[in-house]
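Dear colleague,

I am passing on the structure we spoke about, and below it you will find my notes on what came out of it. Please read them alongside the coordinates and tell me where you would like a closer look.

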Amino acid sequence: MQKLDAITDFTEITPSASISTATHGWRAKCLQRLVRLDMPVPRTVSLPASAVRGIAAGRALDCAGVLAHFGDAPLVSVRPSPAQPEWGGPSTVLNIGMNAARHALLVKTQGQAAADALYLRFVQGYAVHVARLDPDMFEIAEPSAQALRDALRAYRDEMDEDFPEDPARQLAEVLRSMARAWEGTSARLLRQSKGAPEDAALGLVVQEMAQGIGQGVSGSGVIQFIDPVTGLEQITGRYLGQSQGRDMKSRESDALYLTRDPRGPSLEDLAPELFETLAQQGAACRVKLREEMQIEFTIDDSKLAVIDAVRVPRSSRAGLRIAVDLAKEGIITREEAILRVEPRALSELLHPQVDPRAARDVIVRGIGASPGGATGRIVFSSAAAQASASRGEPCILVRRETAPEDIRGMHSAVGVLTERGGMTSHAAVIGRGLGLPCIVGASDLRFDMKDHKITTKAGRKFVEGDVITVDGTTGEVLAGAAEMLPPALDDAFRSLLSWADDVCDIGIRANADTPADAQTARDFDAQGIGLCRTEHMFFEEARLVAMREMIFADTSQDRAAALARLLPMQRADFVQLFDIMEGLPVCIRLFDPPLHEFLPHSREGLRELAEALDRPLSDVMRRAEALAEFNPMLGMRGVRLGIVLPEIYDMQAQAIFEAVVEVARRGGAIVPEIMIPLVSAKREVELVKHRIDAVAANVRSASGVDFAFKLGVMVETPRAALRAGDIAQHATFLSFGTNDLTQMTYGLSRDDAGRFMNTYVQQGVYPEDPFHILDVEGVGELLLIGAERGRQTREKLTLSICGEHGGNPESIAFCRKAGFDYVSCSPYRVPLARLSAAHLALMDRESESSVESMD
Ligand code: PEP
Ligand code: MG
């Protein structure tokens, strides 16, 4: 009766067998590919996922039928074969089929030691993985006849029965236990965390053992043909004599190198012909499987067996190099190479990274606001950072939050850590602009700025001069120095991105405020500047003073004097930007200084300002108080400042136009784009446009040079999005500033949201930090409304996004679908944006061609 019920749908893996990843799993499919390549793969039988499900549900398998594929008295292994290697699976069990009779035979043919080691390995594996006995009871330092007897006795004592002798029963028990382990809750959660769907299935492969323990040259090892960290060609791996399976882990110090090596003996010395065969097989694998593979092999009395192969586990940089090298050799197409590299992985190549293999002593987690790793001594002020830099000592600037005065400190530091702030706070935006690793919102640390000390929740104290590491990629702060991987902006990186540009169908610009940013933008092949935040041009010390003079001026005469000092500085800035960008578009945003970012915060700062302005401190303090706002983010910012004090925008427009004239006289051509920030009403645009047109007319007539310019609006308030139809009457372009638009749509302060964002995300109130990942449902709807209404008024209206979201793959997908012309992001995110956009274009092509082929 049971025989009728027994599962029989297993298949021996032959070149023509019907094996697919979907039904039999990746390992079975990969083994079939190796078989097709004529590799010496031991005989293997594949159990499809349907059979494994049946076994888990209690149905019997025709085990004798499986074993019949392997001839008389075989030894076999069982390995998991889910659809994706990342999904893991139950542990492999080796040497199934070992019993007293087989042991006695092996003593004769292979010797006592080998027979004991093989039997012992099976008893251990079976006891732990199948009978679920305590692994400690079967921990054996050295295999021996006594150790084997002890293990068999321990099994009998625990299970109240002898160790099973019948190979078919052994196999049935192993398969049942592996099938059930896959269904367990922890295994399910683990694989789901690696992206497996809820109903992910398991296939199993039963393979004849290549023993690795026995006569002559016998052992096992792994070989790969590239360095897994750099991706450069290099044979790496190890070989361990008289070993099988995971023995290498416990006896690594006895392992041999593969190629000749001055540090010790190698497989190449020991068995040159075998080594040569392996190398040839690796090369064939690479070409035929179109991938860099790691091959697991066993040598049995000088006979080579390839028992398994997996994609070489690799760092991001190695992944990129492998894809590019395979494409350059014509093994895969360029398009495939592009799709094989995950865009987010690029940020790991742009900055030094904390080596993922290194030990990590995490003292706190904050928001990783700017990626990359940096190690340095703690400093608590910008002055200390500058002093440290001048001594050539790398330092980490630690502040409660940063302000414009800290720009000098940020330039001098190798990394930044702040207590407050979120993804779009000052430190975060500037950190990303400078490519400086930065962690914000580390509110679990106590910041004691007076005593120059930070204290963790657990009471660990770090004082000025202590060494820490910031990992801006993960948001972790580590005690002490950490091993770093250098950036990898090499030929492979450049090749991949230039191939990406060939297919990319949305513009990618950079947010660049200074000549240095503009140069970085060019280095990363941005197609122009999408946002130049002009107030950021005044963060340098000398300029900050002039800027503050202008803000503090209480008569129009004083303001005119301050503006007259700023004009030549601005003109020179723009000339430099235009020169660097060489005719590429440059979009200049008129001043948008949240005033609190420009006022000194400390008494010391106020005193310095009083000196610079040559006014009594009490005067300066009174004025600072008068300018203080309850919520400066919603205060006299952006166009509001431009309406109340129009001379400021006049000065900027004059500087822009005079720079255009200067460049034109040298034969250059530039059509500047002038952008008005924080607009909420059409009338604001009309007023500013009127004055800018007048300034343009004046500069044209004074210089005798004609020039064109474009005027556009930043959509940063919900009202501007809703009234985009009106606003577009006076704007040739709209650029969505999604930082402020997110702030205002949610009613969520950019600077304070960090305090509760973690709780909100953890509790699922928001799926993600909306300052980090564009909220397509809410803010996104405003983008769509703004785009549609704007284009109804002006068909050729140029649309873009320039908030920090601009570089995220999700926002690029959203904007591309909505028909935007370009995205603009921090210069260091431009490569990621270029690759993401290429992925989207290629994926569209793929789905179009699959629809066509269905037609
Ligand atoms: C924005 O609000 O999205 C923006 C780009 O401007 P800023 O970050 O300077 O306010
Ligand atoms: Mg803004």
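In this predicted model, a side-chain N or O atom of Arg-750 lies 2.8 Å from an oxygen atom of ligand 1. Two further arginines should be read together with Arg-750: a polar side-chain atom of Arg-589 is found 2.9 Å from a ligand oxygen, and for Arg-637 the distance between a side-chain N or O atom and an oxygen atom of ligand 1 is 3.4 Å. Taken on its own, ligand 1 has 290 Å² of accessible area, and the protein covers 95% of it.

As for where the ligand is placed, ligand 1 sits in the largest cavity. Two elements each give two or more residues to the shell around it, namely strand E24, which spans 529-533, and helix H31, which spans 738-746; of these, H31 supplies the largest share of the shell, with 3 residues. There are 13 residues around ligand 1, and those that come nearest are Arg-533, Glu-716, Gly-737, Asn-739 and Arg-750. By residue class, the shell comprises 6 charged, 4 polar and 3 nonpolar residues.

I also looked at a part of the fold described by its strands rather than by the ligand. Here 5 strands form an open sheet in the order E1-E2-E5-E3-E4, and their pairing is antiparallel. Strand E1 (11-12) and strand E4 (93-96) are the edge strands, each of them pairing on one side only. Within this sheet, strand E2, made up of residues 44-47, runs antiparallel to strand E5, residues 202-208, and the two are joined by 4 bridges. If you wish to check the register by eye, a convenient place to begin is Leu-47, which stands opposite Leu-204 in E5. As general background, the strands of a sheet pair through backbone hydrogen bonds, in either a parallel or an antiparallel manner.

With best wishes

Conventions:
Residues are numbered from 1 along each chain as its sequence is written. Chains are lettered from A and ligands numbered from 1 in the order in which they are written. This is a predicted model: local features need pLDDT of at least 70, side-chain atom pairs count only at pLDDT 80 or more; totals for chains, interfaces and linings use all residues. Side-chain values use heavy atoms; hydrogens and water are left out. A residue is near a molecule or strand if one of its heavy atoms lies within 4 Å of it. A polar contact is a pair of N or O atoms within 3.5 Å; within protein, one must be able to donate a hydrogen and the other to accept it, and residues adjacent in sequence count only if both atoms are side-chain atoms. Accessible areas come from the Shrake-Rupley method with a 1.4 Å probe; for residues, only the protein chains shown count as cover. On a 1 Å grid over the protein atoms alone, a cavity is a set of points where a 1.4 Å probe fits but cannot get out, and a pocket is an open set with protein on both sides within 12 Å along at least five of seven lines; lining residues have an atom within 4 Å of a point. A molecule sits in a cavity or pocket if more than half of its atoms lie within 2 Å of its grid points. Ala, Val, Leu, Ile, Met, Phe, Trp, Tyr, Cys and Pro count as nonpolar, Asp, Glu, Lys and Arg as charged, and the others, Gly among them, as polar. Two strands pair if DSSP finds at least two bridges between them.
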